[in-house]
Amino acid sequence: MDKYSAVLAAADDNTSQQIVTIALFGALAVAALALLALVIAAMVSIARSASYNGIEKICWAGIVIIFPLVGSLAWFGAGRRMREVG
C-alpha cells in the first residue's frame, strides 16, 4: 500500500503543476492576443488619421512596431489627440 500511496501523491503533485502551467499559458495567450488587438487598432487608427502626413504616419507606425505596448499606448494617449487639439 505504501508504494501506491507514494505514486498517487506524486501524481497529484504533478497534476497540480500541470494545471498551473496550463493556467499560466492561457493567461499569456490572452495577454498576447490583447496586445495584438491593441497594435492592430493603433495601426488602423494611424492609417485613418487625417491630421498627419505620410512621413509622420510612417514614424508613428514605426514606433508602434518597434515598441508595441508603449507605442500603441502613446498613440492613443497623445499622438491621436496632439493634432486635433493643436
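Helices are here DSSP runs of type H or I with at least four residues, numbered from the N terminus, and Ser49, the subject of the first close-up, lies in the loop between helix 1 and helix 2 of this predicted model.

**View 1. Ser49 in the loop between helix 1 and helix 2.** With a relative accessible area of 14%, Ser49 is buried, because buried means under 20% relative accessible area. When its neighbours within four places in sequence are left aside, Ser49 is in contact with two residues named here, Lys57 and Trp75. Trp75 belongs to helix 3, which covers residues 68-85, and this tryptophan returns in the views of the aromatic rings and of the nonpolar core.

**View 2. The three helices of the whole chain.** The predicted protein has three helices and zero strands, so that, read from the N terminus on, its elements run α-α-α. Of its 86 residues, 15% count as buried, while the protein exposes about 6500 Å², of which carbon and sulfur atoms supply 73%. Among the contacts between residues at least 6 apart in sequence, 55% join residues that are at least 24 apart.

**View 3. Tyr52 and Trp75, a tilted aromatic pair.** The count of aromatic pairs in the protein comes to two. In one of them, Tyr52 and Trp75 lie 5.6 Å apart, centre to centre, with 50° between the planes, and the pair is tilted. Tyr52 lies in the loop between helix 1 (2-48) and helix 2 (54-66) and Trp75 in helix 3, so the pair ties together parts that are 23 residues apart in sequence. Both partners are withdrawn from solvent by the accessibility criterion: Tyr52 is buried with a relative accessible area of 9%, and Trp75 counts as buried at 0% relative accessibility.

**View 4. Trp60 and Trp75, an edge-to-face aromatic pair.** The rings of Trp60 and Trp75 stand 5.2 Å apart, centre to centre, with 70° between the planes, and this pair is edge-to-face. Trp60 lies in helix 2 and Trp75 in helix 3, so the pair ties together parts that are 15 residues apart in sequence. Both tryptophans, Trp60 and Trp75, are buried, and together with Tyr52 they form one aromatic cluster.

**View 5. The largest nonpolar core, with seven residues in all.** Val39, Ala42, Ile46, Tyr52, Trp60, Val64 and Trp75 make up this core, which includes the three members of the aromatic cluster, Tyr52, Trp60 and Trp75. The elements that give two or more residues to the core are helix 1 and helix 2, and helix 1 gives the most, with three residues.

**View 6. Buried and exposed residues of helix 2.** Helix 2 has 13 residues and reaches 18 Å from its first C-alpha to its last, close to the 18 Å expected at 1.5 Å a residue. The buried residues of this helix are Trp60, Ala61 and Val64; they cover an arc of only 100° around the axis, which puts them on the same side of helix 2. On the other side of helix 2, Ile55, Ile58, Ile65 and Ile66 are exposed. Of the buried residues, Trp60 and Val64 are also members of the largest nonpolar core.

Technical notes: Residues are numbered from 1 along each chain as its sequence is written. This is a predicted model: local features need pLDDT of at least 70, side-chain atom pairs count only at pLDDT 80 or more; totals for chains, interfaces and linings use all residues. Side-chain values use heavy atoms; hydrogens and water are left out. Buried means under 20% relative accessible area, exposed over 50%, partly exposed in between (1.4 Å probe, protein chains only). Contact means heavy atoms within 4.5 Å. Accessible areas come from the Shrake-Rupley method with a 1.4 Å probe; for residues, only the protein chains shown count as cover. Rings of Phe, Tyr and Trp (its six-membered ring) pair if their centres lie within 6.5 Å; planes under 30 degrees apart count as stacked, over 60 as edge-to-face and the rest as tilted. A nonpolar core is a set of buried Ala, Val, Leu, Ile, Met, Phe, Trp, Tyr and Cys residues joined through side-chain atoms within 4.5 Å. The expected span of a helix is 1.5 Å times one less than its number of residues. The arc is that of the directions from the helix axis to the C-beta atoms.
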